[in-house]
Structure formats: C-alpha cells, structure tokens
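Student: I would like to learn how to read a structure that I have not met before, taking one feature at a time. Could we put it up and begin with the strands?

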Amino acid sequence: MSQLLSRRRRDVAISSRVCSPHKVSSSYYGAPGGWCRLSRGKLMMLSSVMGACRARTWKLLMVAVLATACWGVVAVAAPSARADTAPPSGTPATVSADPLPTVQQNGVIWAQVTVGNTVYAAGKFTQTWPAGTTNTAANYTARSNLLAYDITTGSLTAFNFALDQQALAIAASPDGSKLYVGGDFTNVNGVARNHFATFDIGSTQPNGGVLDPNIKPNFSGEVGAIAPSSDGSTVFVGGNFVNVNTVGRLRLAAVSASNGNLLTWAPKADDNQVTAMVVTPDNSEVVIGGRFSSLNGVPTPGLGAVRTSDGTSVPYAVAATIRDYTTPGSKAPNGAGIESLTTDGTQVYGSGYSYNEGNFEGSFGVEPNSGKINFVNDCHGDTYDVYPVGKVLYTVSHVHECTATGDFPDTNPRVNWHANAWTTNPTGTNVGPDDYGWNYNGVPDSSLLQWYPKLTIGTFTHQNQAAWSVTGNSKYIALGGEFPAANGVAQQGIVRYAISSSAPNKVGPTPAASLTPSATSTTNGRAQVSWKATWDQDNANLTYNVLRDGGSTPVYSVTQASNFWQLPSLGFTDTGLAPGSSHTYKIQVVDPSGNKVGSSVSAPVTISGTGPPPPAAPVAAFTSSCSTLTCTFDASGSSGTAISSYAWNFGDGKSGSGKTTADSYATGGSYTVTLTVTTSDGQQNSVSHTVAPTAPRNPTDPYATDAFNRTVSSGWGNADTGGAWTPTASTTSLSVGSGSGALKMSAPGSNPGAYLAGVSTTDASTTVNITTNGAPTGNGTYLDVLGRRVSSNTDYRGRVILAPNGSVTLALIAINGGAATTLKSATLAGVTYTPGNQLQVQLAVSGTSPTTLRMRAWPVGTTQPAWQLTASDSATTLQTNGSVGLAGYLPGNATTAPVTMLVNTFSTGPSGG
C-alpha cells in the first residue's frame, strides 16, 4: 500500500482554443473550447479567442534502414529498450494492456488509494453499475462521490457513504485501518463533516467501514491533499482553506490521527492552493506541491518541503529545476502546479501541469529528504498522477510528445496517450531545449516502457481528458477518471490492468496495411520480400513469419522490436526457387502471448532465370567483450565470399549494423545477442551468444533496498534491489503485504529469518524500520539484524530485545560455528517501545582483522542518535565476505504467541568507514 495518494485538484472547465506567444496549451489541445481554467467548480465563458498560435517545430526520431542489394533488410536504428509483459532480461515487466471488467460510474474519479485488495475512489458521481452492463437506472447502485471496489474482481464493495459534494483527496493510514477523505463536501450521510472525514475501515468494521464519530476537524474551505505521517500519529492536510476550527491555518494544517485535534504545525502556502503532499519515509519532512509561489514567506515555485516537527522550511533541490507555480494575479486559464506526490519508501515521485506558465508537464523522481533529482521526464502533456510499483512508475496524463527523453514525437493529427509506464531508475539524459524553450538538457531521465492502453476521452468535466488517477498493488493497476471506454470497449470511469500471470493477454499486434509484403525477383532463383513492421500495445518484440503460397509453415522468421512511432522496414530473400515459377507471400505477426495478426497476400512475383550463380552460403561468427554496461562485438570471424551486411540484435530491444559495433545496455543482466550475416544475393546465416553486462556501482549506492510494496503469501520474494530473499526456516513464517515484510514467530522458540545471498561484502551498514503486532512477554521479543552472514551458523549480528516493561536492549553478537559470543550489550536510556510504534535500527559491520561493529536504535520520527554500541572482533572464520539479513526469535518462556515482527523498510550499503 502506498503511504499516500493525495491528488491534484481538477478544475471543472477549461479552454482549449486559447493560444499564447509562449505555447499552445498541451493541457487542453483539441477540447471543445469556450471554457477556461478557473478554481475548481467555477465556469467562465471566454469572450474571444486570443490570437494565433505560433507554429511548432518538432524533432522527429528518424529510423534508418539498411537494405542490401537483394532486400536482406534490417532496421539499424530500431527502438531502444522497451519493457512489456515479456521484456528483455534486465528490464522490468509492466501490466498487460488488457482492460479488465470493473464497476463503472457516471462522473469522474479524482483520486484513489489501495488498501490490501480494496480500492477506495473519491470524485464526483452519483451512480454506479456493474461491468458489462449499460448506464441505465435498472442497473444502478447509488454511490455519492465515494466508493470502493475489489481490485482483484472489479466488483463494487458494500462500503457506502454519501458525500454531499465532490471528494478530491484520499489517503489511508500506514496500517490500513483508517481512511481519510478531503474535498468540497460539508456532510457525510447527513452528518456534518466540513471538507474532511475519517472512516474506520478495519476488517472488523460492518459493511467495510464506519464514519469515525470523534475525528471531525472543521476546515473552512476545500481540502485537496492529505498525507498521513509514516508513524500513523498525524494527518497532514493541504488545500485552499484559511482556518481550521476557526484557528488560522493558511492552506496547510495537521490534526491528530487519534482524536482529530488541531496540532500546532502551521506552515503557510502564502498565495495559492496546495494540491499534493507526501511525508518522507523517515517521517522528518512533508513534501508539498501545488500552485503557490511562496511557502512560509519564502519564494517557492510550487514544490517545497517543511519539517514535520515545526513546519519550518527545508531546502528541496528539485525546486531549482522544476518551477511549476501560478503567478500571483495571473488570469485564468493561465497557471501551473504540481499535480501529484507519492513515495515508495525509496524515492518521492511527482508530476506537473503547465498552461502558459511554469516549466514542466511530465513525471519525476527525487531523493526523499534532499529533493536531489534522480530523474525528470520532460514530456509535453500534463501529467495528473503517478504510482510506483517495484521498478515501474505508472502515470496518467495526456502526453503527446516526448522527444526530449528520446521517445515519441508529436503527430498531426495529434495523438494523446492517457496512461504510460516508465522505469523508476535513471537510464539516460534529457535533450534540450525543447520546443517550449524548457531546457532539461543533461538532466537524467528514465525509460519509457512498452505499455500503451487506449482510453476514450470523456465529457463529464468538459476538459477533454480520460484518466485522472492511478493506484494499484503488486498484481494490478487501476485507473480512474471520466473515460467512457478502454480499448474501444465500454468501461466508464474505472478500469483495471493485471500483470501477465493474471491477465487474459489478448491484446495482440496491431493490424496494418503496411504489413502487406511486396515481392520482386531480379536474381536467378530468388525473390526479394519486404514489408514494414507493426506494433503491439504491451509487447515490443514481435515475431514476423513469412508464409509462401498460402502455406502455414514459415519460410523465414525474424523477431524485431517496434513501437507506434518506430516501425522498421524488414525483409528477406527467398532462395532455391524455380526460374519462371510464380509465388505469393503473406506476413504473420505473433506476440509473446501467441496473439497473431496476418497481412494481405502480396501480388504474385515471377522468379527470374537470369544472373550469375550465387556465392557460397555464409557462416556467421562473432566475439564480444563487456566493460560494465557497454559491450563491443566483432564479426570478423564470419566467413562467406560476398557478405554485404551484418545485422545485430543486442537482446535488449536494440539493433545495430556493421562488422564491428557496440551497445550500451540500460541495466545489467544476461542478454542473448544474435548476428545475422547476409550475402549480396540474400543468403543469410545467424548465430547467437549470451553476454552479461554489469552496471557500474557508485561507491555510495546501496547494495540492496526493499520497501516491501508487493504481496507474497509464503516467503519474501525479491527485494526491490539486491536479489531474492532466501528463507532460513519455513517459508510459511514469512510473508509480504501492506508495505511490510512479516516474520511470524508462531510459538515459543520460533526463529524465522531471511537473507540476501546476492550481497557479499565485508563493509555493510544495514538500516530497518520494525514494529510488532503484540506486546513482549517472558524474556521479550528479539530481532536480529545480520550484518555479515558467512554461513548458516557463522555471522555477525546486532540484536534488538524488546522487553515486557517497554525497555529496549541492544547487543552485538558474534556467532562462530554455532557458538554465540556477546561482544557488547546495553539497555537504551530514554527509549521505550510500545507495540505498533516503529523503531529504526542500524547495524554497521566493517573491516577485517579486526572487524568493527556499531549499532543504534531510535523511535521513527525522532532524531538519529550517535552510535550506542561499538565493539570489535577478529574471529578468523568471520574475516571474510558475508551476506545480510534479518531474523526474529521468540524466547522459550514467552507466554503469548504467535507474535509477528513487521519490517517496513530495509536498506543496506557501505558503512562509510
């Protein structure tokens, strides 16, 4: 479960035909016109259309094609690496593009949040109806501006509360027990709740939830953003209000999660509304986005950060680059702002919009506390929401041009894409300035992945948009908005997509007239066949089978990467044909799921009987060498008397040409590289070898991280980085869900654990956030952080002992061949533990002969202390590389079982000395 899904606020009406000297509004291109952007809920007719729009010059991506004399055609500037449901090694998989049947609604969904398998959706609507049925009264189930549905089935749940006006922001408490909703409403089921309501949604609540009777702060105006603290104690709120409970609060406030009391936290968004907020994973800062130009009296261009403790501003580096704010006094429809903010525990992600102001419309990822840029994707077309799942960042928008990131150009007529997927890690750099004059040249960007679901533009808001929000879990992604159809099938306002193992996988290659091959014959006994590639919404690599004379067995097959804007020309030479004979050809395209599309049949070709005899068949051969992510290839060892072309498939979705060539891979991994050599008369031969590029490691980068944002019923699966978790006991004691890894100690003496075998080092600093679901008994509850695991009975570890009286004891331990030696221990002064609260624990193990061990623990949200324990050891068997991990232990005299230890975040990297 994402910690936060508070959203931007959608203005109900817009202008589409207004242009300015700065740029044509990408936000409103092609809308019906006549309305301009105002504060939400307001409409104003434009009295005139402003001037003519300046022309745009688009940088088009050119696709070069190498064509041999006998049509051995190979695309040499093929699409760059693209993920999909069956991506190349080292590239993350996306959900499929198959729209899944989901409950429908008659208005707009502004924001969503997922708790377990339930999605809670906030917006402006009055009725719902089941998937596959029509929008008629006979099928209606009333829901007023708030609903919930099962993300695994798409069915509406019993959760039912009527809000008198639209809901705009929604978030869940970290433990998933409470739901916070904000917006324009002033009552819930007829009970006064001014712009903010809390629902208890624990599993024991009837009908999926109850309105909390005690938490009812009175906000004077719209609530547009909600961010619960990571420890669950506080709810931070933003919007367009000026007081709470009649106490002055300028667009920002905080209330107690336990009783709703207004807290003293009172930063100020000085001149415009707050539309997005997120609390950093360590609970020390609130990152704030909106349309404001000033925060706490300091110029802040729509994006800044303040302390959770007192609301004072802290520097946030990304704000020096992304400057999306609305100038005070600016007239509608002009404006800009940050549309969304969220975190996966490792980065803060966000998005923006711009209309004649600001300088950004895409998505970004930054370091949570400093705001240091990890990537910025300079795409044109407002981006409304983002949602990270593992290594994929899903976005909803109306993007139409991404040449700055090396991706698709604008088209005429324009095509808008309303949902996309990107990697969460940087893979290249932007090129600038773009045609708006925004210059992100050299700023890291991430990779656009092969996921292009099609949504039909809706009419409810008159904004010419489709999806406004995105949420999900490890298996499903759900979009909410105002679209009436998905992939051309009626599915109004909500739609789900699933990972390949849970999807129908029926979206196949796109039919295209250009697939129909042409065939010629100019050489004795040979036909040259050529055609143009097509593309697939969720698969980059497609296999093209050439069928001769109506046959079903291919005479040639080739796999080629493509996307909707890069469609390489392909071809092959059919040999051994009788001179004077006539043949036809057809192309069959197959995606990795087996979906097929066929071309029309070519015109007949009569085979030539003239020309010189063909040269001897070639033999392809090559050698390779890799230095970090760059591999070089040499085909000089290939033999053949008339080799005219060398075509390379690098296994990452990219292609190349030439006797010698090179490829820079986006990520490390194992890739199958194929060389195809072609002679002047079209004879071909191919050979494949595997290469294994490795990513260069920054000395300060972590070895492994895990935010546990997935669902695993038995075991812990794979960490976000660092490889697979290996259980030390039964996998049934381990599970992952709701943003935590669980170590279940089912009985006294239980000792579950897991380690990352992919980490091997003598220098590791490991940090975890932990909590338990029950009070300690007997000798307490133990958590061991394994800092150097050499073998199953030999390691260095740091132990946290949670005692029944609330005290916390730390111990540094060396285990040598099963014999444990406590190097040092101490009970922490001033630190107490209560079940449900989180402790942050850090263990550093570095050096050899001696090895130095350091440890500290502190409540999440408080200041990190100095090292509380330090020891050294030189046991011979431990002076070598080891892995890292975690273990729990329930002593034999415990009187309560089971007890579950929950790990919310895990990170390990160099100790820094």
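Student: In β33, which residue is the bridge partner of T429?

Tutor: Before we look, please keep in mind that this is a predicted model. The general idea is that strands of a sheet pair through backbone hydrogen bonds, either parallel or antiparallel. In this case the bridge partner of T429 in β33 is P444, and that pair belongs to the contact between β32, residues 417–429, and β33, where 4 bridges join the two strands in the antiparallel sense.

Student: What is the order of the strands in the open sheet of 4 strands, and which of them are the edge strands?

Tutor: The order is β30-β31-β32-β33, with antiparallel pairing. The edge strands are β30, at 383–389, and β33, at 444–448, each of which pairs on one side only. If you look along the sheet, neighbouring strands are turned by 40° against each other on average, with direction ignored.

Student: How would I read the open sheet formed by 3 strands, and what is its order?

Tutor: You would read that sheet in the order β15-β16-β19, and its pairing is antiparallel. β15 (223–228) and β19 (252–256) stand at the edges with a single partner strand each, so one side of each has no neighbour in the sheet. The twist from one strand to the next averages 25°. Between β16, residues 234–239, and β19 there are 5 bridges in the antiparallel sense, and V235 has V255 in β19 as its bridge partner.

Student: Why is strand β66 described as largely enclosed by the rest of the structure?

Tutor: Strand β66 covers residues 851–859, and 7 of its 9 residues are buried, so the strand is largely enclosed by the rest of the structure. To see what pairs with β66, start with β65, residues 839–846, which runs antiparallel to β66 and is joined to it by 8 bridges; in one of these pairings, L843 has M855 in β66 as its bridge partner. β65 and β66 form a hairpin with 4 residues between them, and G847 in the turn has a positive phi of about 80°. There is also β67, residues 869–873, which is antiparallel to β66 and joined to it by 5 bridges, with T870 in β67 as the bridge partner of R854.

Student: Let us move on to charged side chains. How many salt bridges does the structure hold?

Tutor: The general idea is that side chains of opposite charge can pair when their charged atoms come close. This structure holds 11 salt bridges. One of them joins D663 to K654, with the closest N and O atoms 3.1 Å apart, and both D663 and K654 are buried.

Student: Which residues are joined with D784 into one network by salt bridges that share partners?

Tutor: It helps to take the pairs one after another. The side chains of D784 and R797 meet in a salt bridge at 2.6 Å, N to O, and this pair links distant parts of the chain, with D784 in β61 (residues 781–791) and R797 in β62 (residues 794–802), 13 residues apart. D784 also meets R799 in a salt bridge, at 2.7 Å, N to O, and here the two residues, in β61 and β62, are 15 residues apart. D784 has a relative accessible area of 2%, which means that D784 is buried. Through shared partners, salt bridges join D784, D795, R797 and R799 into one network.

Student: Is G787, which is found in strand β61, buried or exposed?

Tutor: G787 is buried, because its relative accessible area is 3%, and a residue counts as buried when that area is under 20%. G787 and T762 are 25 residues apart in sequence, while their C-alpha atoms are 8.9 Å apart in space.

Student: Finally, what is the volume of the second largest pocket, and which residues lie nearest its centre?

Tutor: The general idea is that rolling a probe the size of a water molecule over the atoms shows where empty space is left. The second largest pocket has a volume of about 1,100 Å³. Its lining is made of 46 residues, of which P174, D175, S230, Q838 and N904 lie nearest the centre. The elements that give two or more residues to this lining are β10, β58, β60 and β69, and β69 gives the most, with 4 residues. By class, the lining has 12 nonpolar, 30 polar and 4 charged residues.

Conventions: Residues are numbered from 1 along each chain as its sequence is written. This is a predicted model: local features need pLDDT of at least 70, side-chain atom pairs count only at pLDDT 80 or more; totals for chains, interfaces and linings use all residues. Side-chain values use heavy atoms; hydrogens and water are left out. Two strands pair if DSSP finds at least two bridges between them. Axes are lines fitted to C-alpha atoms, for helices over the stretch in contact, and angles run from 0 to 180 degrees between N-to-C directions. Buried means under 20% relative accessible area, exposed over 50%, partly exposed in between (1.4 Å probe, protein chains only). A salt bridge is a side-chain nitrogen of Lys or Arg within 4 Å of a carboxyl oxygen of Asp or Glu. On a 1 Å grid over the protein atoms alone, a cavity is a set of points where a 1.4 Å probe fits but cannot get out, and a pocket is an open set with protein on both sides within 12 Å along at least five of seven lines; lining residues have an atom within 4 Å of a point. Grid points are joined across faces, edges and corners, and a volume is the space filled by probe spheres set on the points. Ala, Val, Leu, Ile, Met, Phe, Trp, Tyr, Cys and Pro count as nonpolar, Asp, Glu, Lys and Arg as charged, and the others, Gly among them, as polar.
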